[in-house]
Amino acid sequence: MPPSVTTAALVLQFVLLLVGVGFVWRLALSPKARSQPALLPAWEVSLSDFFLFVWLVILGGLAGEYCVALYLKYHPLDQPHQLILGTAGFHLGMLVGIAGYQGAFARVRPRLSLLTPGAVKSGLATYLVAVPVLTAVSLVWQGLLQLCHVTAKPQESVELLRHIESPPLRFTLLFVAILVAPVSEELVFRAGIFRYLRTRFPRWAALLLPALLFASLHLDLGSFVPLVALALVFSFAYERTGQIGTTMVAHALFNLNAALLVLAGVDS
């Protein structure tokens, strides 16, 4: 990648960081922001229904992976294709599990506001808040790993994106990362797990438990604590706005920005 492209990407990150600091004050730290009530209603479902939701999500994800594995059995492909198609199958399968629960089993259906104009606007603001938060957390976390002489390997998806030469395969990876994963993960971790726990557990536990699970499932030590911080920002935003579309947009923008940095040659 030409040095000018890498420099432009770094300048953009610096601008986003400065703008994000202003949004952190305006939306999170100012007296007006702290006095705003949460708009997220309680999800009134039984424990058995919640476990049914989780079970169907897991079953759907595994079924999606199995379908991909069955396809690959008769149409062998190289390892990058296998990894990307397997990830796509898992996320699409989770969406099928969520749809199955909503359509066939849900006694009380949560009202989900998706891509409304308000959700797009608040999603952009949430992303801007996340930029300085994650920058600070990442610097501290990487410093601690270095002090402990721990070398964290880059995420597998990052390495794939960095070295893939096939345009269709690269497009598939970007499609999953920017569109499919934000929808499936936000429906599971924020609209599902966090929304259920927030009225039944102490608030700190309702915020932290889904965040830890979200970060753990990415299987990457180097980004574990930053991903916990990102999940907390998303949960706060979802609670504040009551719109899952807010965090879907913010999540998609976060993944898009990460992908552009990799393609621009910015070291993780």
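# A tour from the loops to the helices

Start by selecting His149, which sits in the loop between α5 and α6. The model on display is a predicted one, and this residue is a useful first stop for inspecting its backbone, since His149 has a positive phi of about 55° although it is not a glycine. Is His149 buried or exposed? Its relative accessibility is 73%, and therefore His149 counts as exposed, the threshold for that label being over 50%.

Next, move along to Leu219, in the loop between α8 and α9. Here too the residue is not a glycine, and the backbone has a positive phi of about 55°. With a relative accessible area of 77%, Leu219 is exposed.

**The whole chain**

Now zoom out and colour by secondary structure. The protein has 10 helices and 0 strands, so that, read from the N terminus on, the elements run α-α-α-α-α-α-α-α-α-α. Along the principal axes, the C-alpha atoms fill a box of roughly 55 × 50 × 40 Å. The radius of gyration is 19 Å, which agrees with the value near 18 Å that a compact globule of 268 residues would have.

With the view still on the whole protein, colour by accessibility: buried residues make up 43% of the 268 residues. The exposed surface comes to about 14600 Å², and carbon and sulfur atoms supply 71% of that area. If you then show the charged side chains, you will find 17 positive and 12 negative ones, with the centres of the two sets 14 Å apart. A contact map is also worth opening at this point: among contacts between residues at least 6 apart in sequence, 82% join residues at least 24 apart.

**Helix α9**

Select residues 224-241, which form helix α9. This helix has 18 residues and reaches 26 Å from its first C-alpha to its last, close to the 26 Å expected at 1.5 Å a residue. Show its side chains and pick out the buried ones, among them Pro226, Leu227, Val228, Phe234 and Tyr238; Glu239 also belongs to the buried set. Which helices do the buried residues of α9 pack against? They pack against α5 (117-147), α7 (167-197), α8 (203-216) and α10 (244-263), and it is worth displaying these four helices together with α9. Just after α9, select Gly242, where the backbone takes a positive phi of about 75°.

**Val129 in helix α5**

From α9, cross to helix α5 and select Val129. At 12% relative accessibility, Val129 counts as buried, because that label applies under 20%. Leaving out residues up to four places away in sequence, Val129 touches Gly20, Phe23, Val24, Leu27 and Val233. The last of these contacts, Val233, is itself one of the buried residues of α9. For a sense of distance, draw a line from the C-alpha of Val129 to that of Val262, a residue 133 places away in sequence, and the line will be 21 Å long.

**Helix α4**

Finally, select residues 79-105, which make up helix α4. Its 27 residues should span 39 Å at 1.5 Å a residue, and the end C-alpha atoms are 37 Å apart, which agrees. The buried residues of α4 include Ile84, Met94, Ile98 and Tyr101, along with several glycines such as Gly86, Gly89 and Gly97. These buried residues pack against α3 (47-74), α6 (156-163) and α7.

Two positions in α4 deserve a closer look. The first is Gly93, which is buried, with a relative accessible area of 7%. What does Gly93 touch, not counting residues up to four places away in sequence? The answer is a group of glycines, Gly60, Gly61 and Gly64. By contrast with these contacts, the C-alpha atoms of Gly93 and Glu159 are separated by 24 Å, the two residues being 66 apart along the chain.

The second is His91, also in helix α4 and buried, with a relative accessible area of 8%. Apart from neighbours within four places in sequence, His91 is in contact with Val176, Val180, Ala181, Ser184 and Glu185. Showing these five side chains together with His91 makes a fitting last view.

How values were computed. Residues are numbered from 1 along each chain as its sequence is written. This is a predicted model: local features need pLDDT of at least 70, side-chain atom pairs count only at pLDDT 80 or more; totals for chains, interfaces and linings use all residues. Side-chain values use heavy atoms; hydrogens and water are left out. Helices (H or I, at least four residues) and strands (E, at least two) are DSSP runs, numbered from the N terminus. Buried means under 20% relative accessible area, exposed over 50%, partly exposed in between (1.4 Å probe, protein chains only). Contact means heavy atoms within 4.5 Å. The radius of gyration is taken over C-alpha atoms; the globule rule is 2.2 Å times the number of residues to the power 0.38. Accessible areas come from the Shrake-Rupley method with a 1.4 Å probe; for residues, only the protein chains shown count as cover. Lys and Arg count as positive and Asp and Glu as negative; His and the chain ends are not counted. The place of a charge is taken as NZ of Lys, CZ of Arg, CG of Asp or CD of Glu. The expected span of a helix is 1.5 Å times one less than its number of residues.
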